[in-house]
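Me: Hi! I've got a model open and would like to go through it with you. Could you take a look with me?

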Amino acid sequence: MKLLERYFWVVCIVAALLGLFLPNLAAPLVKSLKFLLGTILFLTGLKLDFRVAFQELRKPWFILYAVVVILVLRPLCMYGIARQFLPPALAIGVLILASMPSGTACSPLTDIVKGNAALALVGTLVTSMFCPLTSPMIV
């Protein structure tokens, strides 16, 4: 496991290249992707000290700031940049993609790179909770 953590960047590059050049290689896993991602999030959650996660929830202004940045400012900035370089229809696609919440893989990846996995978990949960409210308003 330590070897995987040390050379995680190699795994990411190889996975990206395989996804680009051999996309059908992972076709059998598509049906179980939601289950696999849920399992990863669950196992990462078991590794966390939930007292630390609850301490992160006790910072409501920081969480509100993060939600506004991730779900409002990021999409608007990305849309503004995309409008400069892409046709309007594609810029709307960038806006929609950028208005999505933090991904399920955020906590495990943060844990692998020795970041604050508790904060990443709270961020994933909170942005997923507010995304149905903010995304329609932004779009």
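Me: Leaving aside neighbours within four places in sequence, which residues is Val-67 in contact with?
Reply: Happy to help! This is a predicted model. In it, Val-67 is in contact with Val-72, Val-126, Thr-127 and Phe-130, once neighbours within four places in sequence are set aside.

Me: Thanks! Which residues make up the largest nonpolar core?
Reply: That core has seven residues, and Val-67 is one of them. The others are Ala-53, Ile-63, Leu-71, Ala-118, Val-122 and Val-126.

Me: And which helices each supply at least two residues of this core?
Reply: Helix 5, residues 60–85, and helix 8 each do that.

Me: Let's stay on helix 8. Where does helix 8 bend, and by how much?
Reply: The bend is at Cys-131 and comes to about 55°. There is also a proline, Pro-132, that follows within four residues.

Me: Which residues of helix 8 are buried?
Reply: Among them are Ala-117, Ala-120, Leu-121 and Thr-124, and also Cys-131, where the helix bends. Further along, Thr-134, Ser-135 and Ile-138 are buried as well.

Me: Why does Ser-135 count as buried?
Reply: Its relative accessible area is 8%, and buried means under 20%, so Ser-135 falls in that class. Ser-135 sits in helix 8, which covers residues 117–138.

Me: What is Ser-135 in contact with, leaving aside neighbours within four places in sequence?
Reply: Ser-135 is in contact with Ser-99 and Met-100.

Me: New topic: the surface. Which residues make the nonpolar patch?
Reply: The patch is about 1,200 Å² and includes Leu-3, Tyr-7, Trp-9, Ile-13, Leu-17, Phe-21 and Leu-25.

Me: Which helix gives the largest share of that patch?
Reply: Helix 2, residues 8–21, with eight residues.

Me: Where is Tyr-7, then?
Reply: Tyr-7 lies in the loop between helix 1, residues 2–6, and helix 2.

Me: Why is Tyr-7 called partly exposed?
Reply: Because its relative accessibility is 40%, and partly exposed covers values between the 20% and 50% cut-offs.

Me: Zooming out, how many helices and strands does the protein have?
Reply: Eight helices and zero strands.

Me: What share of the residues is buried?
Reply: Of the 139 residues, 23% are buried.

Me: And how much accessible surface is there?
Reply: About 10,000 Å², with 77% of that belonging to carbon and sulfur atoms.

Me: Last one: what box do the C-alpha atoms fill?
Reply: Roughly 45 × 45 × 25 Å, taken along the principal axes.

How values were computed:
Residues are numbered from 1 along each chain as its sequence is written. This is a predicted model: local features need pLDDT of at least 70, side-chain atom pairs count only at pLDDT 80 or more; totals for chains, interfaces and linings use all residues. Side-chain values use heavy atoms; hydrogens and water are left out. Buried means under 20% relative accessible area, exposed over 50%, partly exposed in between (1.4 Å probe, protein chains only). Contact means heavy atoms within 4.5 Å. A nonpolar core is a set of buried Ala, Val, Leu, Ile, Met, Phe, Trp, Tyr and Cys residues joined through side-chain atoms within 4.5 Å. Patches are made of residues with over 30% relative accessible area and no salt bridge: like charges are joined within 9 Å, nonpolar side chains (Val, Leu, Ile, Met, Phe, Trp, Tyr) within 5 Å. Accessible areas come from the Shrake-Rupley method with a 1.4 Å probe; for residues, only the protein chains shown count as cover. A salt bridge is a side-chain nitrogen of Lys or Arg within 4 Å of a carboxyl oxygen of Asp or Glu. The bend at a residue is the angle between axes fitted to the seven residues ending there and the seven starting there.
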